[in-house]
Amino acid sequence: MHPGDQTIFALSSGRPPSAIAVVRVSGSQAGQALTTLAGTLPAARLASRRLLRDASGQPIDDSVVLWFPGPASATGEDVAEFHVHGGRAVLSALLAAISDIPNMRAAEPGEFTRRAFENGKLDLTEAEGLDDLIHADTDRQRRQALRQLQGLLGNRARDWRERIIEASALIEAGIDFSDEADVPAELMAPAMQAIKALQAEIAEVLAAQGQAERLRDGLVVAIAGPPNVGKSTLINQLARREVAIVSPHAGTTRDVIEVQLDLDGYPVTVIDTAGIREADDPVEQEGVRRAKARAADADLVLWLLGPDSGANERLPASVPVWAIRNKIDLEGGVPTVVAAADRTFPISARRGDGLPDLIQALVGFAADFFGTSEGALVTRVRQRDLLRQALDSLRRSLEHVEDGEELAAEELRAAAYALGRLLGRVDVEDVLGAIFQKFCIGK
């Protein structure tokens, strides 16, 4: 860990060269950086055009600068932004000039966001939403991440935690006034009512989470089958580009090829695997082993069959399997249905026959697979586990009411603690590094 009083800087826009590049500075020396390079400190939150100069007075670039004094800034600290032309030489000169200022250092991945979290600008669920937004590949992933960034789960968790603390205060007040017979009963009744309502709300959220966690990673579809039946041709068609080598020779594909697709906003990873057959070549044997393993781990298998594949072709049974009868242009008619498959599609991967129907079916499968994830609050395993811990503690607190108010109060403290960890306000140092190191530098 670096000292928190150090000022950090980084390129926060895309990789150069680009039309415009944004360099951000956050910390106590941010104002000094502006004064040193731009001459004077501009008005707060007002874009100003300035000629930037290095320590020797040499011009760097004609730029736009912005000044955000803390705590009213993205990180809660003083923040400066330099909007410059995005050439490599310009950026190199600017970053070198900033690094020459005392107590300045380059930011680590996620450090701007971590400082925002530590300064109370966002909670841990919102930081996770920001991470998901950065890495969103499809529109549905973007919408889900944006809801988290806007506090969809965090706001509910804060409300739950406050209500738990209020119920706990009622129970503990009853313990303090236990020598007055009527007071504990008057306090326990509203406390139990509040706990039951909280228990029902959290249980409902957990039950309705659907496949929101999977929406972050996407649906995995494996294309498998015997050698030389058109698997690589099919993945090239789905990707609309040449991602796999197509050859009339069996065993061309030796390793697993992955393609990320956006099907109606659903993230889908399509995997082209080696042809599954008995092989003497050790390299091909390893490819077949990997193909079987990836097919077993997939959410859906497209099992390709050629004109010579029989109706009794052996299909995997551990996951849903669709039989794809390829090369119908060579067969002269609709092929027979494979009974072992969940669904059968006749196609010609080379000509494109039947592909629209197959793609539409994949979209429907993805919609069923992800279910009601659009409105789900829980998007990560960490969030789900902590909500379950809070729910279990609430349930035990109700069970302990008759055994003794002290035990019930202790369980409520445990529930509030779990929600505090969910928000990142207590005992989360062990997870912070794992979360923020996944961010890009400059965010």
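This briefing covers annotated lysines, nonpolar cores and one helix residue. The model is predicted. An unreviewed UniProt entry places the feature "binding site" at Arg24, Glu81, Lys121 and Lys443. The largest nonpolar core has 32 residues. Another core, of 30 residues, lies apart from it.

**Lysine 121**

- UniProt lists Lys121 under "binding site", in an unreviewed entry.
- Lysine 121 sits in the loop that runs between α3 (111-118) and α4 (124-134).
- Its relative accessibility is 40%, so lysine 121 counts as partly exposed.
- Beyond four places in sequence, lysine 121 touches Pro71, Ala72, Ser73, Ala74, Thr75 and Gly76, along with Ala116 and Glu126.
- One of these residues, Pro71, also offers its backbone: the proline 71 oxygen lies 2.6 Å from a polar atom of the lysine 121 side chain.

**Lysine 443**

- Lys443 is also among the "binding site" positions in the unreviewed UniProt entry.
- Lysine 443 is found in the segment after α15 (429-436).
- Lysine 443 counts as partly exposed because its relative accessibility is 31%, a value between the 20% and 50% limits.
- Arg24, another position in the UniProt annotation, is in contact with lysine 443.
- With neighbours within four places left aside, the other contacts of lysine 443 are Gly110, Glu111, Phe112, Thr113, Leu130 and Ile134.

**Nonpolar cores**

- In the 32-residue core, the residues with the most contacts inside it are Leu219, Ile223, Leu234, Leu302, Trp322, Ile324 and Leu358.
- Strands β7 (219-224), β8 (257-263), β9 (266-272), β10 (300-305) and β11 (321-325) each supply at least two residues of this core.
- Helices α9 (231-239) and α12 (355-370) each supply at least two residues as well.
- The most comes from α12, which gives nine residues.
- The separate core of 30 residues includes Ile195, Leu377, Ala408 and Leu422.

**Leucine 398**

- Leucine 398 belongs to helix α13 (residues 381-399).
- Its relative accessible area is 19%, so leucine 398 is buried; the cut-off for buried is under 20%.
- Leaving aside neighbours within four places in sequence, leucine 398 is in contact with Met192, Ile195, Lys196 and Gln199.
- One of these partners, Ile195, is a member of the 30-residue core.
- Glutamate 411 is 13 residues from leucine 398 along the chain, and their C-alpha atoms are separated by 9.0 Å.

Notes:
Residues are numbered from 1 along each chain as its sequence is written. This is a predicted model: local features need pLDDT of at least 70, side-chain atom pairs count only at pLDDT 80 or more; totals for chains, interfaces and linings use all residues. Side-chain values use heavy atoms; hydrogens and water are left out. UniProt positions are given in the numbering used here, feature names are shortened, and annotations may be inferred rather than shown by experiment. Helices (H or I, at least four residues) and strands (E, at least two) are DSSP runs, numbered from the N terminus. Buried means under 20% relative accessible area, exposed over 50%, partly exposed in between (1.4 Å probe, protein chains only). Contact means heavy atoms within 4.5 Å. A polar contact is a pair of N or O atoms within 3.5 Å; within protein, one must be able to donate a hydrogen and the other to accept it, and residues adjacent in sequence count only if both atoms are side-chain atoms. A nonpolar core is a set of buried Ala, Val, Leu, Ile, Met, Phe, Trp, Tyr and Cys residues joined through side-chain atoms within 4.5 Å.
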